[in-house]
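Reader: Please take one part of this model and go through it closely, keeping each claim tied to its geometry. I would like a connected account, not a list.

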Amino acid sequence: MAPWSDLPSDLLGLVIARLPFPADRARFRAVCRAWHSALRRHVAAPPQLPWIVLPEGTFVTVSDGGVHRMAFPESNTVCIGSTDGWLALHRTDNNDDDSVDGARTTKTRHTFLLHNPFTGATVPLAELGDILDDDFFEEFRVCKVIIRSHPNGGGHLIAVMTNHWDCPLILCQPGKGIWTPDSCTMPFVRVVDIAFFADKLYLITKAEDLFAVDLADDKDGKPTVTSVERIIRQPRSPDGVIDAFRWSDDEDDDDGDAQDNDGDASTNDHDESLNQEGDSENDSEIEPVGDDGIDDVGHQWQYLTGEDLIWKTTKYELEGDDYAVNGSWHLLESSGRLLMVRRECLIAAFVKDADHTRSVDVSKADMDAGTWVPVTGGGLGGQAIFLSELFNKSMPAPAHGEVLEDTMYFVDTPDVWDLKSGTRRPFTRSIGFFDLDRTWVFPPELIV
């Protein structure tokens, strides 16, 4: 029998293809020189394309189109967010409770945790279960979860964006506590994306107003918001009409308060509350939505029960009977700049696999001038952007790697966008998994 070191290269390549995790490939490399050489031949030079993670734990190694199953630390678990190599996970369990009259009722217990599939580390997020409970998930959903890891192992700060007006933003410090704004507090109920940048959390609304949230910890380590400042304020609508759905069109400059549930946060701009009276009977009076659920600026609302409405993080416009345009806004950091990506997709009603990106615009935030500056002619400085509803990231794209500079990659359409030419082209990797609830995860670099 031939020794392990004499196995043919093509056979070793089949083994390597079944070892997507960097730690497993590092063990493979350490067996002998022949295996080390085989790994160098069969693994693309870094940086490789990141992985696409499906909610239930299936993931695609985009470089080779391999489909694998990720072992989540808990059963009944789905992925609801990611940041770099971390995944935010949501677990559900049935829990029988006694009702007042003694009858048995079944409710769902919701638990949350961070998980790093590359290191095996997990971080419980018990605090989120106090807010994101069974009642919340009956009608609402978590839209985004992003993570800021403190340097030198100093813990994590988690920002959660939901479509519930009582808790549109949640800040969580594991083991310390949470912060939420008051119910229906502006600008939080109009936020469509969030991003950590420098030492602040930034928020963007559909009106493309940009807000900077100053973060701090109280004496017990609980996260708090010390101020909210509007950095970019878009002008009034061209027709001069103040639109209740686009809060920046309100030109009232009186200062207001955006307090959390402890009343310790204030804003530096006009932050008014929607329905401050808290009278549910008056909710419909400020929501002039037509029968089709689309308001006069093309923003779509989703009816739930009674007069309840959910604000969606996208914009839909109909184009005949066969297509609809889905517009979305995304924030991310790139080379020390805060970027806004405005994207439009054409969604096919009946034609399978016909969805595609129609246009992409990139702007950078000029903090001093208080305006968005278009990024033209590529302008990413050798970077590539990976975009999804759950996580956005910019990374370097050196010439020797798989990642192409001035290119934008998506998880919901089988195309990429060339920012230099302003055109789309097919995604060369046919992986067969494209949808809104996918996200990116970035494995640590493997030295081969």
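Author: A charge is said to sit over a ring if NZ of Lys or CZ of Arg is within 6 Å of the ring centre and within 35 degrees of the ring normal. The model is predicted, and with that in mind the charged end of Arg-343 can be placed over the ring of Phe-410, 3.8 Å from its centre. Phe-410 belongs to strand β25, which spans residues 407-410 and pairs in the antiparallel sense with strand β26, residues 415-418, over three bridges. Within that pairing, Met-408 faces Trp-417 of β26.

Arg-343 has a second partner in this region, since its side chain makes a polar contact of 3.0 Å with the side chain of Asp-412. Asp-412 is placed in the loop between β25 and β26. Its relative accessibility is 16%, and because buried means under 20%, Asp-412 counts as buried. Arg-343 therefore has one contact to a ring and another to a buried acidic side chain in the loop.

The two strands are part of an open sheet of five, ordered β24-β23-β25-β26-β27, with mixed pairing. Its edges are formed by β24 (393-396) and β27 (423-426), each of which pairs on one side only. From one strand to the next the twist averages 25°.

Aromatic rings and a second charge also belong to this account. Ring pairs link Phe-386, Phe-391, Tyr-409, Phe-427, Trp-440 and Phe-442 into a cluster, and Tyr-409 falls within the residue range of β25. Another member of the cluster, Phe-442, has Lys-393 over its face, at 5.4 Å from the ring centre. Lys-393 is in turn within the range of the edge strand β24.

For comparison, another stretch of the model joins strand pairing to ring contacts. Strand β9, residues 156-162, has seven of its seven residues buried, so it is largely enclosed by the rest of the structure. In a regular strand the side chains alternate between the two faces of the sheet. In β9, His-156, Ile-158, Val-160 and Thr-162 point one way and Leu-157, Ala-159 and Met-161 the other, and all are buried. Seven bridges join β9 to the antiparallel strand β8, residues 142-149, while four bridges join it in the antiparallel sense to β10, residues 169-173. Val-160 illustrates both pairings, standing opposite Val-145 of β8 and opposite Ile-170 of β10.

A hairpin is formed by β9 and β10, with six residues between them. The loop of that hairpin carries Trp-165, whereas Phe-140 lies in the loop between α4 (134-139) and β8, so the pair of rings ties together parts that are 25 residues apart in sequence. Among the 13 aromatic pairs in the structure, this one has ring centres 5.3 Å apart and planes at 85°, so it is edge-to-face. Phe-140 also pairs with Phe-136, with centres 6.0 Å apart and planes at 40°, so that pair is tilted. The burial of these rings can be stated as well: Phe-140, at 8% relative accessibility, counts as buried, Phe-136 is buried too, and Trp-165, at 26%, counts as partly exposed.

Technical notes:
Residues are numbered from 1 along each chain as its sequence is written. This is a predicted model: local features need pLDDT of at least 70, side-chain atom pairs count only at pLDDT 80 or more; totals for chains, interfaces and linings use all residues. Side-chain values use heavy atoms; hydrogens and water are left out. Buried means under 20% relative accessible area, exposed over 50%, partly exposed in between (1.4 Å probe, protein chains only). Two strands pair if DSSP finds at least two bridges between them. Axes are lines fitted to C-alpha atoms, for helices over the stretch in contact, and angles run from 0 to 180 degrees between N-to-C directions. A polar contact is a pair of N or O atoms within 3.5 Å; within protein, one must be able to donate a hydrogen and the other to accept it, and residues adjacent in sequence count only if both atoms are side-chain atoms. Rings of Phe, Tyr and Trp (its six-membered ring) pair if their centres lie within 6.5 Å; planes under 30 degrees apart count as stacked, over 60 as edge-to-face and the rest as tilted.
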